[in-house]
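Here is a short set of exercises to work through with the sequence and the model side by side. Try each task before you read its solution.

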Amino acid sequence: MLRDKSAIPQFSKRLSVRAIVAGILITLVTSGLVTVFQVISSINSNSKLLSSEILARVETYRSDVTYALIEGDAAAGIEVLKNISAPPFVIRAGLYHNDDQTLAETAKPASFRNRNFTGIADLVNNPIRELTLAVTEQDQVLGYLKLELDVRFRLERISSSIVHGMYLLLGQGVLISCVLAYFYLRYLIKPINEVARQIKESPITGNTQTLIGEKHLSRDDEIGILVREANRFIRLINETSSEKESALAAADQSYKSIADLLESLPHFINVKDTSGRLMLANKSFLKALKLNPETYIGADEDDFMTLIPEATRKMVKEADEDALALEIPVVLPEVEWKHADGSYMALEVRKIAISYRGQKAILSVAMDVTERKEHQARVQYLAYHDSLTGLPNRHLFLDRLDQALLRAERSGLYGALIFFDLDNFKNYNDTRGHLFGDEILANIASRLKETVRSQDTVARLGGDEFVVCMTELSEDEQTAKTLGGELAERIVSNLRKPLMIENFEVNISASLGIAYFNSYGLNASELLQHADMAMYKAKDSGRNKVIVFEDKMADAANRLRQLKADCKQALAEEQFFLVFQPQINSETKQIIGAEALIRWRHPERGVISPGEFIPLLEEAGLMTKVGQWVLKKSIETTADWHNQNLVHDGFKISINVSPQQFRQSGFADEVQSIIHDYSLEAQLINLEITESMIIDDIAHTASSMNDLRNIGINFSIDDFGTGYSNLNYLKQLPLDVIKVDQSFIRDLLNDQNSIAIVHTILTMAKQLKLTTIAEGVETNEQLLELKKMGCHVYQGYLYSPPVEAERFQQLLTD
Ligand SMILES: Nc1nc2c(ncn2[C@@H]2O[C@@H]3COP(=O)(O)O[C@H]4[C@@H](O)[C@H](n5cnc6c(=O)[nH]c(N)nc65)O[C@@H]4COP(=O)(O)O[C@H]3[C@H]2O)c(=O)[nH]1
């Protein structure tokens with residue numbers, strides 16, 4: 001069993017006991033050493049003592065020695081030697097002539113009075129001292145006296161005093177040791193023990209006043225220092241521990257706050273140890289993995305991740321390993337999680353190695369990014385698809401077309417690109433609004449998808465422009481063209497079927513251009529241009545047609561494209577001008593009005609007619625601006641003629657108004673403002689509107705017309721008979737004039753239909769008390785016929801083509 005090291009030590013290990021034992025040992029050793037020293041110094045002093053003692057004795061017997069030597073008397077020598085060596089420490093004596101001849105010798109064994117001493121005496125090293133004395137007479141050496149002395153005999157004599165001295169020393173040593181031990185105990189060991197006990201018992205409470213060994217505090221010795229330092233140390237510990245306690249309390253609080261925060265987060269959060277066992281997990285994570293909040297700690301990931309697909313698990317494990325090895329955050333931007341019920345979740349997972357509860361761990365935070373991903377996918381989809389119809393857009397289509405061209409190049413199989421736009425979509429869109437137009441486009445897109453083959457690509461390029469790409473038609477060009485043509489015809493006839501939108505029947509047609517491809521070396525946009533050109537040709541040729549691209553079309557299309565670009569500059573550079581065509585009363589032969597017609601003086605191509613550039617202006621969104629210019633210029637010119645008194649009473653200037661211009665908010669105000677600017681009476685102005693404008697939104701048209709009618713403006717309906725010819729609206733609108741379209745006038749003499757139509761229009765106009773003007777009268781025969789039918793006002797080349805203002809002024813004065 002382990003001993004408590006801080007308890008009072010065993011008896012044998014106590015410092016006090018050790019001090020006493022050490023004192024005794026030191027005393028013993030010291031007294032031993034002193035004794036040895038005394039013995040050695042006694043031996044030395046004894047040998048000197050013995051020498052001086054024997055010398056005194058020799059001196060006593062000197063005359064006997066001298067006599068024995070001079071006489072050579074051995075017996076006398078023996079006698080004197082015995083006398084000299086009488087003391088017990090002389091063990092041998094010899095008398096020798098100066099030539100070393102022995103005269104006499106004596107010897108006796110060493111015998112000690114104290115038998116016990118013999119053992120000690122034996123310890124003395126080399127105890128025999130030799131003494132040689134020269135015997136002289138009148139400075140002449142007679143011989144020698146040699147003596148051998150045993151110093152131990154003297155030692156024996158002093159041994160008891162040495163032993164007593166030794167005992168005395170020992171007793172003295174023990175006494176001193178005990179006295180020292182007492183003081184040692186009282187003034188050192190006891191205070192140390194006391195301080196040790198108090199330190200042991202001292203509670204670490206944070207109370208900075210807790211002190212130990214109070215009674216020793218004032219001591220100025222080492223114990224005083226020890227106690228003061230121990231107190232300082234305890235204070236320090238107390239202070240540190242109180243800081244630590246408050247730090248721990250704060251840490252506890254923040255840990256709790258963090259734990260609460262983790263719990264509240266929708267993210268899936270967990271901490272695993274390095275072997276994949278759960279150490280911490282928030283509510284979201286436990287719920288997602290169906291783990292018990294009470295028992296989840298220690299769960300192995302191989303068990304709790306069974307809900308996650310194998311491949312995903314592998315990816316997550318690899319990320320764990322990376323996070324541990326790299327010690328930087330590892331991000332898995334997209335982890336797919338398909339649930340058993342088929343639902344799907346995309347997660348962004350972040351992992352980082354942390355130290356948790358003193359050990360290395362991995363913190364994983366997974367965020368549900370399904371919505372973001374779906375949003376991204378949606379954005380991606382929108383980037384490549386048309387949001388209205390869901391069809392691929394231009395971007396995606398060009399990409400697919402590129403691929404189709406590559407495939408055609410490789411396989412040698414022909415493909416076809418069909419480009420079309422809707423002939424009369426613009427009217428519906430402008431008149432019935434964009435939502436209505438959108439409905440048409442969405443319906444057209446559905447019809448298209450139903451019409452084409454599954455492998456064909458249908459796309460909307462923008463506006464009412466659609467394309468179809470057909471691939472792998474045939475190796476043979478003719479067969480491919482037949483197949484392409486058949487599909488194009490199918491599209492035309494499917495689109496032609498009326499659509500019902502908002503209870504309104506929409507009749508739409510399309511003009512299609514086809515360009516075939518296999519290995520022409522064209523790129524996608526060039527091919528698209530070819531199909532586009534063919535489509536324009538189809539439009540030019542009367543619409544609702546399918547035209548196949550031919551090389552010669554490229555020039556015409558380029559011309560058109562250039563013209564469109566030039567339109568933008570034309571207004572700024574004042575390239576537009578007006579011509580005026582007189583309107584004649586065939587009875588009085590007077591000019592009763594004029595139609596203002598726009599012309600474009602193109603810097604390179606000369607004068608261009610409106611039939612060619614008005615559609616381009618409409619496409620470029622410039623028609624409203626140009627219309628404003630026409631309105632202003634016509635009123636300005638008429639005001640000029642009027643001011644010069646060149647026009648008769650009742651003269652009217654007829655100004656064509658485009659649908660966009662008429663529908664524009666503030667159009668009536670704009671007309672009034674211009675009239676006001678040029679101080680022209682409103683009665684001199686006649687606005688020409690078309691049938692399509694009326695039919696598309698009769699309520700709005702009527703309201704705008706009434707506003708203008710209230711200030712005196714007249715209205716005529718242009719090209720009557722060519723459109724819907726719905727007679728009902730004629731009654732609802734404040735109309736003044738019906739203009740009979742020139743197509744009926746052209747055929748007036750040879751087409752019974754035309755005659756019938758003109759007759760009907762004239763009869764109806766009469767009933768409605770409307771004036772009629774016949775357009776495009778070129779011959780006297782036509783004029784006569786019209787007169788017979790009751791139409792007395794006309795315009796046409798018979799009297800004059802449209803002419804510039806100066807020339808018209810002349811006609812007025814003629
Ligand atoms: N074959 C033949 N044609 C004759 C005869 N007499 C006149 N014309 C032409 O018939 C067109 C009559 O104009 P529109 O029906 O209003 O038809 C106009 C009108 O709808 C539109 N337009 C012309 N100027 C403007 C304009 O300033 N604004 C708007 N919105 N449209 C305009 O362009 C159309 C065509 O105008 P233009 O080319 O000037 O063609 C004019 C005129 O030059 C004739 O005896 N025989």
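**Exercise 1.** How many bridges join strand 1 (residues 90-97) to strand 4 (residues 140-150), and in which sense do these strands run?

*Solution.* A word on the ground rules comes before the steps. The model is predicted, so local features need pLDDT of at least 70 and side-chain atom pairs count only at pLDDT 80 or more, while totals for chains, interfaces and linings use all residues. Residues are numbered from 1 along each chain as its sequence is written, and side-chain values use heavy atoms, with hydrogens and water left out.

Step 1: Find the elements; helices (H or I, at least four residues) and strands (E, at least two) are DSSP runs, numbered from the N terminus. Two strands pair if DSSP finds at least two bridges between them.

Step 2: Strand 1 and strand 4 run antiparallel and are joined by 7 bridges. One place to look is G94, whose bridge partner in strand 4 is K146.

Step 3: Widen the view to the open sheet of 4 strands, with order 2-1-4-3 and antiparallel pairing. At its edges are strand 2 (102-107) and strand 3 (128-137), each pairing on one side only. From one strand to the next, the twist averages 10 degrees; angles here run from 0 to 180 degrees between N-to-C directions, and axes are lines fitted to C-alpha atoms, for helices over the stretch in contact.

Step 4: Add helix 3 (residues 74-84), which lies across strand 1, strand 2 and strand 4 and runs at about 35 degrees to strand 2.

**Exercise 2.** Describe the surroundings of E348: is E348 buried or exposed?

*Solution.* Step 1: Place E348 in strand 8 (residues 344-356).

Step 2: Buried means under 20% relative accessible area, exposed over 50%, and partly exposed in between (1.4 Å probe, protein chains only). E348 has a relative accessible area of 9%, so E348 is buried.

Step 3: List the neighbours, where contact means heavy atoms within 4.5 Å. Leaving out residues up to four places away in sequence, E348 touches V331, L332, P333, V365, A366, M367, V369 and R372.

Step 4: Check the side chains of E348 and R350, which a polar contact of 3.1 Å joins. Such a contact is a pair of N or O atoms within 3.5 Å; within protein, one must be able to donate a hydrogen and the other to accept it, and residues adjacent in sequence count only if both atoms are side-chain atoms.

Step 5: Look at the strands that pair with strand 8. Strand 7 (residues 330-338) pairs with strand 8 in the antiparallel sense over 7 bridges, and V330 stands opposite K351. Strand 9 (residues 359-368) pairs with strand 8 over 10 bridges, also antiparallel, with A366 as the bridge partner of V349. Strand 8 and strand 9 form a hairpin with 2 residues between them, and R357 in the turn has a positive phi of about 50 degrees.

**Exercise 3.** Which strands stand at the edges of the sheet with the order 11-12-10-15-16?

*Solution.* Step 1: This open sheet has 5 strands and mixed pairing.

Step 2: Strand 11 (457-462) and strand 16 (546-548) each have a single partner strand, so one side of each is left without a neighbour in the sheet. On average, and with direction ignored, neighbouring strands are turned by 20 degrees against each other.

Step 3: Strand 11 and strand 12 (residues 465-474) pair antiparallel over 5 bridges; R460 has F466 in strand 12 as its bridge partner.

Step 4: Helix 13 packs on the sheet, touching strand 10 (414-422), strand 11 and strand 12, and its direction makes about 5 degrees with that of strand 12.

**Exercise 4.** At what angle do helix 13 (residues 434-451) and helix 14 (residues 477-496) pack?

*Solution.* Step 1: Two packed helices are described by the angle between their axes and the distance between the axes.

Step 2: For helix 13 and helix 14, the angle is about 145 degrees and the axes are 10 Å apart.

Step 3: I444, R447, L448 and T451 in helix 13 meet L487, R490, I491, N494 and L495 in helix 14.
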